Amino acid sequence: MSETVFARTKGLREVEMHYCPGCGHGIVHRLVGEVLEEMGMLSKAAGVAPVGCAVFAYNYFNCDMFEAAHGRAPAVATGIKRVHPEHCVFSYQGDGDLASIGAAEIVHAAHRGEKITTIFINNAIYGMTGGQMAPTTLVGQKATTCPKGRDPEHCGKPIRIAEMLATIEGSAYIERTAVNSTANIIKTKKAIRKAFECQMERKGFSMVEVLSTCPTNWGLSPVESMEWLEENMIPYYPLGVFKDKEV
């Protein structure tokens with residue numbers, strides 16, 4: 001008899017995703033789907049995806065999904081959670097969306113202590129719109145709007161969202177992880193579950209920042225992108241728990 005060692009999570013629909021080869025979005029989608037399935041929350045889960053590479057997330061997640069204007073996912077998620085407090089509500093946002101046009105939204109959602117969870121994908125660049133510099137683009141990193149590399153004298157240094165939100169009283173759980181290795185993928189899944197549990201226990205706002213790759217806009221192969229993340233992103237964006245009200 002054959003033994004099943006891996007199966008598609010019921011948290012995702014059986015459709016082909018549009019993401020580029022080597023992109024981390026598919027991995028994070030699977031982890032979110034697995035956690036919701038394992039927690040028995042698929043029938044009481046609601047996700048919000050704004051403009052960005054994950055704009056078609058409503059086609060992929062096998063739960064209620066909503067679309068929000070650019071940067072406004074936390075506001076939409078807040079409304080859903082307040083109407084349906086028993087639901088597990090999450091926003092799924094990229095760094096261009098959350099850290100730029102949506103910066104005020106995420107800060108005030110955390111400040112109010114909204115019982116929602118944000119899955120924040122940080123790939124240090126605007127992905128969907130063509131590779132422009134994002135608030136998270138590293139110093140010296142090239143983008144279409146800074147072809148010679150980010151100049152801190154002109155643009156300032158990259159913003160560290162996890163560290164910033166961890167200082168806010170309404171935040172209950174903030175962790176930064178990555179999906180560039182098997183070990184880090186396992187840690188990311190644990191962090192997502194912890195964040196969802198924190199939400200359902202009504203402790204406050206929770207967020208998991210996930211360092212991911214963008215081979216297309218970085219101009220690297222998928223393998224080179226994994227190495228670049230390890231060597232360049234993690235030193236500036238250290239992994240770990242930045243806020244845990246239980247500690």
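These are my notebook entries on a predicted model of a protein, from the overall fold down to single residues.

**Entry 1: the whole chain**

I began with the secondary structure, which comes to nine helices and seven strands. Next I looked up the radius of gyration: it is 17 Å, close to the 18 Å that the globule rule gives for 247 residues, so the protein is as compact as a globular protein of that length. For anyone setting up a box, the C-alpha atoms fill roughly 50 × 50 × 35 Å along the principal axes.

**Entry 2: inside and outside**

How much of the protein is buried? Of the 247 residues, 51% are buried. I then turned to the surface, where about 11,100 Å² is exposed, with 55% of it supplied by carbon and sulfur atoms. I also checked the contacts between residues at least 6 apart in sequence, and 69% of them join residues at least 24 apart. Charges came last: there are 25 positive and 27 negative ones, and their mean positions lie 5 Å apart.

**Entry 3: strand E1**

I picked strand E1, residues 45–49, for a closer look. Five of its five residues are buried, so I noted the strand as mostly covered. Which residues sit on each side? Ala45, Gly47 and Ala49 are on one side, Ala46 and Val48 are on the other, and all are buried, which leaves both faces of E1 covered. The split follows a familiar rule: in a regular strand the side chains alternate between the two faces of the sheet.

Then I looked for the partners of E1. One is E3, paired with E1 in the parallel sense over four bridges; here Ala46 stands opposite Val89. Another is E2, which also runs parallel to E1 and is joined to it by four bridges. In that pairing I found Val48 opposite Phe66.

**Entry 4: helix H2**

Helix H2 covers residues 73–83, and I listed its buried residues as Ala73, Pro74, Ala77, Thr78, Ile80 and Lys81. The spacing is worth keeping in mind with a reminder about helices: an α-helix has 3.6 residues a turn, so residues three or four places apart point the same way. What do the buried residues of H2 pack against? I found three strands, E1, E2 (64–67) and E3 (88–94), together with helices H4 (103–112) and H7 (182–200). So E1 turns up again, this time as a packing partner of H2.

**Entry 5: two residues of helix H7**

Having met H7 as a neighbour of H2, I looked up two of its residues. Lys190 is in helix H7, and its relative accessibility of 60% makes it exposed, because the cut-off for that is over 50%. I also took a distance here: the C-alpha atoms of Lys190 and Thr177 are 9.9 Å apart, with their positions 13 residues apart along the chain.

Is Asn184, also in helix H7, buried or exposed? Its relative accessibility is 11%, so Asn184 counts as buried. Leaving aside residues up to four places away in sequence, Asn184 touches Ala178 and Leu239.

**Entry 6: Ser221**

My last stop was a loop. Where is Ser221? Ser221 lies in the loop between helix H8 (215–218) and helix H9 (222–236). With 29% relative accessibility, Ser221 counts as partly exposed. I closed with a C-alpha to C-alpha distance: Ser221 and Leu98 are 26 Å apart in space and 123 residues apart in sequence.

Terms used:
Residues are numbered from 1 along each chain as its sequence is written. This is a predicted model: local features need pLDDT of at least 70, side-chain atom pairs count only at pLDDT 80 or more; totals for chains, interfaces and linings use all residues. Side-chain values use heavy atoms; hydrogens and water are left out. The radius of gyration is taken over C-alpha atoms; the globule rule is 2.2 Å times the number of residues to the power 0.38. Buried means under 20% relative accessible area, exposed over 50%, partly exposed in between (1.4 Å probe, protein chains only). Contact means heavy atoms within 4.5 Å. Accessible areas come from the Shrake-Rupley method with a 1.4 Å probe; for residues, only the protein chains shown count as cover. Lys and Arg count as positive and Asp and Glu as negative; His and the chain ends are not counted. The place of a charge is taken as NZ of Lys, CZ of Arg, CG of Asp or CD of Glu. Two strands pair if DSSP finds at least two bridges between them.
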